[in-house]
Every structure is written in structure tokens, then in C-alpha cells.
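This briefing is meant to be read beside the sequence and the 3D view. It takes up the surroundings of the two ligands, then some backbone features, and then a few buried residues.

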Amino acid sequence: MKVDVLLGLQWGDEGKGKIVDVLTPQYDVIARFQGGPNAGHTLEFDGIKHVLHTIPSGVFRPDTLNVVGNGVVIDPIIFKKEIDALVALGVDVAASLAISRKAHLILPTHRMLDAASEAAKGKAKIGSTLKGIGPTYMDKTGRNGLRVGDIESPHFEERYHALRDKHLGMLAQFEGFEAALDDREWLSAIDFLRSLRLIDSEHALNEALKAGQRILAEGAQGTMLDIDFGTYPFVTSSNTISAGACTGLGIAPNRVGEVIGIFKAYCTRVGSGPFPTELLDEVGETMRAEGREFGATTGRPRRCGWLDLPQLRYAVDVNGATQLCMMKADVLGCFDEIRVCTHYMHRGETIDHLPYGINPDEVEPVYTTVPGWPGDLTGIRSLEEVPATLMAYVKMIEDAVGVPVTVLSVGPDRAQTLQLPIPVSA
Ligand code: GDP
Ligand code: IMO
Ligand code: MG
């Protein structure tokens, strides 16, 4: 058996949670491979909206094992709150959740270091979610981190105190930063974590594959936030691309099957950093209002802009995407005409790839205008009802990136999901 990988092709918030939830009945295991509580994955069904941060989005479906992989970073406090909320809804989390011993722990002082580092950067701040993600991955690569498996050691508190005290020393270097630490809630959340199913997930996942089980790897953030291939330094601190599923789960590259890339019919970004097709006018405001583009984790307004084909092609390439899901087509129903960036002007030349720098002074998007599909798509449940102009839009994207769009999403609910014939352009 192979592991399919599902991930974001833009700047995050593409709708990964919704599609994982839709696809879960086809899988035995859903495994998150990177990121942490910076993620906010929204699922909607039966009129209720759920936002997950660290727990894989398969958790609402019965008979599915949800694995938090070694590439994930866990804040025990947020993790416990998330589980408590699921248990209150009647979800049997104890039975369906397993956590990698090799996942790293976010300490309260990691969050403080994130805040201090962002404050020190001033206008150049990343716009981080302030969940401690960067400092935790820094400790991981710096070989100082604490892992979930360490909480089973009798020396855990000692090791925790040593790292905490080191962080407090670092925090003292930030001018004017008050380090008021109360870690009692964190330590009690560690006790709770001890009561959960901690596993050697790379072993469990490879055994599951050998036993013929189907696994879906769930990504967080998006390709343009990847530490290597995103708009560095305005990125997150992990590999969000498909290769991250290998290192974040212990799955070999030859075990990867389908790579399912999720993208919105337009673009959004939350936080700082370049965004070539960003709309700073009322068109962008309309998109934000119609798409309810406010962060699922921080509530911040998301920056909005037209679809960017050079960016999408780049993302398809670095991920090896084999199929695509286009989300939020309904949101563009508020426009008569739609613009799409097909190329960039770069140093006086027209180019169709992503150059090293994509700041406004480096690239200027070149647009084409296509007919829209004005009206309300959210009630559509069959392909026959899809407007021809929307199908033409899908075909244009398939032609531009060379990969079929297999899913068209026309609303946030599970039911508002259409499977497309493969490929539409055939
Ligand atoms: P994720 O981080 O990739 O899982 O995405 P988020 O949950 O952060 O953001 C996606 C938002 O769009 C959520 O509020 C979803 O409920 C919503 N959503 C997903 N698909 C659609 C869609 O096709 N149409 C509309 N209108 N909303 C959608
Ligand atoms: P999901 O999984 C959108 C952004 C932050 C910031 C940058 C670095 O819901 O798609 P970090 O806290 O990781 O150090 O922040 O990355 N960011 C996200 N943007 N969706 C996310 O996750 C994000 N996770 C982080 O806004 O610009
Ligand atoms: Mg999100």
C-alpha cells in the first residue's frame, strides 16, 4: 500500500481540513506530518463548524486511527483543550488518537521567545501565530528539544527545568521583555499527555502499510510557507511540501502514492510577506467579506488576491501533485468577471515561473480576464448544474499546470463537494 499526501498549494487555509474530512472514509489512518497549533483546519457538517489545530482532521469519522506524527510540534495545553472539546462532543478520542514519541514539545518559554522575537523585529515581523512554532523547531534542529517520548522518563522535569532556564536566560537578552512565567498548567497538561496513546509512529505506520491499510498524510500551512521553498523569511519553520510527509512520518519516498494539492479559486495570505496578486482595493475587501477570510487560529483578516498560475505551477512541481482540489469557487460568484495572473513581468521580460524574489518591486503580475459565474453556487450538488464558465476556469487551470482537478468545492460543508471527471480537460 501507498501513503497519499494531502497538502496546501498556496499560503495555507486552502481548505485542507474540509477535504481530509471528506476523504477520510477511504482511509484507515490519517496522519499529520508537520506544523502544530499554528494550523487551524475547519470542518463543517450537520450544521456545526469545528476547528482543529493539532488533531488530524479524520477524528470525526468512526474507525479511523488519527496519528500525530514525529514532524509535528505539540503544545500540551492547546492539545488538551482540543481533546476536551472533542470529548465533550462525544468523540472517542482516546480510542482514535495516537501520538508519536518523536514529536517535539512546545514549552511555555518557546511561546515567550516567539513573542519576544516578533516584537524585536518590529515592522519586519513575520506575523507569526505566536504559538512558539519557530523557537520549538529551532530547538529541534539545534538538538536541544524535548520530545513526547521524554515525558516517560523519570528525569523529564529535570530536563524541562534545564531547557526552561536556558530560555529564560535568552529572554533576558530582549530589551524590555518581561518574562512572567507560570508553567503549572503546562505541567499538568504533560500529565494528561502521559495518559494518551504514545507510539513509535514510524514503526506503526510502516506496519500498517504492510498490513494493507490505507494512510492519508495531512499537511498544515501551505507550499508558499515552506521553510525551503516558501517566501523566506516570511514562512513557517517546517517543510510543508510533500517531502515533509516522508520526514514527518518516517515514510520512504517510494511509499508515497497520490499527492492531493488543495488550492482556492483565488489566493489568500495571513501574516507578512510577498503576495504578488494581492488586492488592496475594494475587490479584495469583497473577496474577504464573501469568503469570510479571517484566520481560524488567530482571527486576523486574511489578505486576498486573484489566482496566481505561476505560483500554482511552482507548487504543483515542488510537491509532485497528482491531483488538485479547487476550493471556494462559490465565493467568486460575487463577480461578473474574474482575473487570473498568467505571467509575471520580471526585469523587463515576461516569465511564467516563480523567480527568486517575488516582492512588488521584483515582479508585476500579468493578468487575463475571464467570464465569471455570477450567482449562488452553494446549492449545487451535481456536475450538470456547474456553470460552463466555471468548468472553463477549471480547464484553464488544468491546462496551465498539467494536473487534473478532481474535486470542486462550492461551500464549507461536507455535502458541498463535487467530484469531477478526470481530467475535465479531456
Ligand atoms: P485549512 O487550514 O486549509 O484547513 O483551511 P481553513 O479551515 O483555515 O480555512 C478554510 C475556510 O474556508 C474555512 O472557514 C472553511 O470552512 C471554508 N471553506 C472550505 N471550503 C469552502 C468552500 O468551498 N466554499 C466556502 N465558501 N468556504 C469554504
Ligand atoms: P493552516 O494549516 C495560514 C503563517 C503565519 C505567519 C507564518 C509563520 O491552517 O493552513 P508561525 O506561527 O508558523 O511561525 O507563522 O505562517 N501561518 C499560517 N497561515 N494557515 C496556517 O495554517 C498557518 N500557519 C502559519 O500567519 O505568516
Ligand atoms: Mg487554516
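Helices and strands here are DSSP runs numbered from the N terminus, with at least four residues for a helix and at least two for a strand. In those terms Arg143 has its place in the loop between α5 (133-141) and α6 (156-171). The model is a predicted one, and every value below was computed from it.

**Ligand 1**

- The shell around ligand 1 is made of 20 residues, of which Gly15, Lys16, Thr42, Asp330 and Ser409 come nearest.
- By class, this shell around ligand 1 consists of five nonpolar, seven polar and eight charged residues.
- Two backbone contacts reach oxygen atoms of the ligand: a polar backbone atom of Gly15 is 2.8 Å from an oxygen atom of ligand 1, and a polar backbone atom of Gly17 is 2.9 Å from an oxygen atom of ligand 1.
- A side chain takes part as well, since an N or O atom in the side chain of Asp330 is 2.7 Å from a nitrogen atom of ligand 1.
- Taken alone, ligand 1 exposes 580 Å², and the protein buries 93% of that area.
- The space that ligand 1 takes is the second largest pocket, and the elements that contribute two or more residues to the shell around ligand 1 are α1 (16-23) and β3 (41-45).

**Ligand 2**

- Around ligand 2 there are 21 residues, and those that come nearest are Asp13, Lys16, His41, Thr129 and Thr236.
- Lys16 is named among the nearest residues for ligand 1 and also among the nearest residues for ligand 2.
- The shell around ligand 2 divides into eight nonpolar, 10 polar and three charged residues.
- Two side chains make polar contacts with oxygen atoms of the ligand: a polar side-chain atom of Lys16 lies 2.7 Å from an oxygen atom of ligand 2, while an N or O atom in the side chain of Thr236 is 2.6 Å from an oxygen atom of ligand 2.
- From the backbone, an N or O atom of Ile126 lies 3.5 Å from an oxygen atom of ligand 2.
- When ligand 2 is taken alone it exposes 550 Å², of which the protein buries 97%.

**Backbone features**

- Most residues other than glycine have a negative phi, and most peptide bonds are trans.
- Against that background, the peptide bond that joins Tyr232 and Pro233 is cis, with omega at about 5°, and Pro233 lies in the loop between β10 (215-218) and α9 (242-249).
- Arg143, in the loop described at the start, has a phi near 65°, which is a positive value in a residue other than glycine.
- Arg143 has a relative accessibility of 74%, and it therefore counts as exposed, the cut-off being over 50%.
- Arg347 also has a positive phi, of about 50°, although it is not a glycine, and its place is in the loop between β16 (337-346) and β17 (349-351).
- Because its relative accessible area is 77%, Arg347 is likewise classed as exposed.

**Buried residues and their partners in space**

- Which residue offers its backbone oxygen to a polar atom of the side chain of Thr277? It is Trp306, whose backbone oxygen lies 2.7 Å from that side-chain atom of Thr277.
- Thr277 itself is found in the loop between β12 (267-269) and α10 (282-290), and it is buried, with a relative accessible area of 0%.
- His104 lies in strand β8 (residues 104-105) and counts as buried because its relative accessibility, 8%, is under the 20% cut-off.
- The C-alpha atoms of His104 and Asp139 are 9.1 Å apart in space, and the two residues are 35 residues apart in sequence.
- Tyr27 is located in the loop between α1 and β2 (29-32), and it is buried at a relative accessible area of 8%.
- Although Tyr27 and Arg214 are 187 residues apart along the chain, their C-alpha atoms are separated by 4.9 Å.
- Thr240 lies in the loop between β10 and α9, the loop that also holds Pro233, and at 1% relative accessibility Thr240 counts as buried.
- Thr240 and Gly134 are 106 residues apart in sequence, and their C-alpha atoms are 14 Å apart in space.

How values were computed. Residues numbered from 1 in each chain as written. Chains lettered and ligands numbered in written order. Predicted model: local features only at pLDDT ≥ 70, side-chain atom pairs only at ≥ 80, totals over all residues. Heavy atoms only, no water. Near = heavy atom within 4 Å. Polar contact = N/O pair within 3.5 Å; in protein donor to acceptor, adjacent residues only side chain to side chain. Areas by Shrake-Rupley, 256 points an atom, 1.4 Å probe, with all protein chains shown as cover. 1 Å grid on protein atoms, 1.4 Å probe; cavity = no way out; pocket = protein on both sides within 12 Å on 5 of 7 lines; lining within 4 Å. Sits in = over half its atoms within 2 Å of the grid points. Nonpolar A, V, L, I, M, F, W, Y, C, P; charged D, E, K, R; others polar. Buried < 20%, exposed > 50% of the residue type's maximum accessible area, 1.4 Å probe, protein only.
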